Amino acid sequence: MRLQLLLMLTFIAVPVAGDHPPLPTDYCHWSMHELAINEPLCNLEGDRANGLKLVIDTHGGNCLACHQMPIPEETLHGTVGPPLHGLAARMTEGQIRAHLVDQRRFNPNSVMPGFYHDPRLASRVADEYWGKTILTAQQVEDIVAYLKTLR
Ligand code: HEC
């Protein structure tokens with residue numbers, strides 16, 4: 001658990017010198033209005049079951065490294081971020097998507113990476129993520145599909 005968090009922090013904290021990378025050709029452009037992204041990325045439809053897998057997967061969202069979630073079969077839940085129980089009762093789908101895509105719009109110093117942040121704007125990124133988003137647009141939509149069921 002500690003190790004997972006450490007790995008996560010390592011890949012968001014390694015500085016890389018040089019120019020900005022080009023935007024991936026399949027990047028889905030999004031816009032945030034009043035701290036919400038109301039349109040699904042590339043109009044993709046999310047798969048809730050895959051979203052549940054991704055929030056647990058340490059190579060996917062790895063959300064459990066920092067958040068408690070209503071997934072009792074997983075024993076290790078982080079407490080760096082707020083618990084996500086009942087999330088959809090206090091946020092719209094568009095707000096949930098916005099947090100996932102670009103948490104640093106909400107808190108510039110957040111330890112939570114922008115999972116679909118424009119990679120050209122990344123200032124601290126490990127080689128593995130140079131010029132790429134951490135999650136694909138489909139993975140973001142899958143996780144949104146799962147999170148919006150948390151009432
Ligand atoms: C490295 C730790 C870390 C990881 C990994 C992480 N988060 Fe977060 N998250 C935070 C912190 C800390 C906050 C609180 C706000 C802040 O400081 O940015 C937060 C805030 C949030 C919020 C806003 C909650 C609220 O009540 O305002 C949502 C939604 C969220 N995270 C979802 C996720 C999801 C989904 C994942 C996985 C895809 C994830 N987070 C991965 C640390 C993390």
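**Group meeting talk: an iron site and the helices around it**

Hi everyone, let's start at the metal: the site of the iron atom of the ligand is octahedral, with angles of 88 to 179° among its six donor atoms. For comparison, ideal angles for six octahedral donors are 90 or 180 degrees. Please keep in mind that this is a predicted model.

Which protein atoms are the donors of the iron atom? They are NE2 of His67 and SD of Met112, lying 2.0 to 2.1 Å from the iron. His67 sits in the loop between helix H2 (48-56) and helix H3 (87-90), while Met112 sits in the loop between helix H4 (93-101) and helix H5 (137-147), so the pair ties together parts that are 45 residues apart in sequence. Is each of them buried or partly exposed? His67 is buried, with a relative accessible area of 10%. Met112, at 21% relative accessibility, counts as partly exposed. If you like thresholds, the cut-off for buried is under 20%, so Met112 at 21% falls on the other side of that line.

Now let me zoom out to the chain. It has five helices and zero strands, and from the N terminus on the elements run α-α-α-α-α. Of the 151 residues in the chain, 42% are buried. For those of you who think in contact maps, take the contacts with a separation of 6 or more: residues 24 or more positions apart account for 62% of them. The accessible surface of the chain comes to about 8500 Å², and carbon and sulfur atoms hold 55% of that.

Back to the ligand and its surroundings. There are 23 residues around the ligand, and those that come nearest are Cys63, Cys66, His67, Ser110 and Met112. Helices take part in this shell too, with H3, H4 and H5 each supplying at least two residues. Which side chains put an N or O atom by an oxygen atom of the ligand? One of them is Arg90, at 2.6 Å. Gln103 has a side-chain N or O atom 2.8 Å from a ligand oxygen. Asn107 joins in as well, with a polar side-chain atom 3.0 Å from an oxygen atom of the ligand.

Gly81 is worth a stop here. It is in the loop between H2 and H3, and at 17% relative accessibility it counts as buried. Leaving aside neighbours within four places in sequence, Gly81 is in contact with Cys66 and with the iron donor His67. The C-alpha atoms of Gly81 and Cys63 are separated by 9.3 Å, with the two residues 18 apart along the chain.

On to the helices themselves, beginning with H4. Its buried residues are Gly94, Ile96, Arg97, Ala98, Leu100 and Val101, and these pack against H3 and H5. As a reminder, an α-helix has 3.6 residues a turn, so residues three or four places apart point the same way.

How many of the eleven residues of H5 are buried? Nine are, so H5 is largely enclosed by the rest of the structure. The buried set includes Val140, Glu141, Asp142 and Tyr146. What covers the buried residues of H5 includes H2, H3 and H4.

Just past that helix comes Lys148, in the segment after H5. Lys148 is partly exposed, with a relative accessible area of 36%. Apart from neighbours within four places in sequence, Lys148 is in contact with Ala88, Glu93 and Ile96. With Glu93 there is also a polar contact of 3.2 Å between the side chains. The C-alpha atoms of Lys148 and Gly94 are separated by 9.8 Å, although these residues are 54 apart along the chain.

One more residue before I hand over: Asp118. It lies in the loop between H4 and H5, the loop that also holds the iron donor Met112. Asp118 is buried, with a relative accessible area of 10%. Its side chain makes a polar contact of 2.7 Å with the side chain of Arg120. Not counting residues up to four places away in sequence, Asp118 touches Leu23 and Tyr27.

So, to take home: an octahedral iron site, with His67 and Met112 as its protein donors, in a chain of five helices and zero strands. Thanks for listening!

Key
Residues numbered from 1 in each chain as written. Predicted model: local features only at pLDDT ≥ 70, side-chain atom pairs only at ≥ 80, totals over all residues. Heavy atoms only, no water. Donors = N, O, S within 2.8 Å, 3.2 Å for Na, K, Ca; no water. Tetrahedral: all angles 85-135°; square planar, octahedral: opposite > 155°, others 65-115°. Helix = DSSP H or I, 4+ residues; strand = E, 2+ residues; numbered from the N terminus. Buried < 20%, exposed > 50% of the residue type's maximum accessible area, 1.4 Å probe, protein only. Contact = heavy atoms within 4.5 Å. Areas by Shrake-Rupley, 256 points an atom, 1.4 Å probe, with all protein chains shown as cover. Near = heavy atom within 4 Å. Polar contact = N/O pair within 3.5 Å; in protein donor to acceptor, adjacent residues only side chain to side chain.
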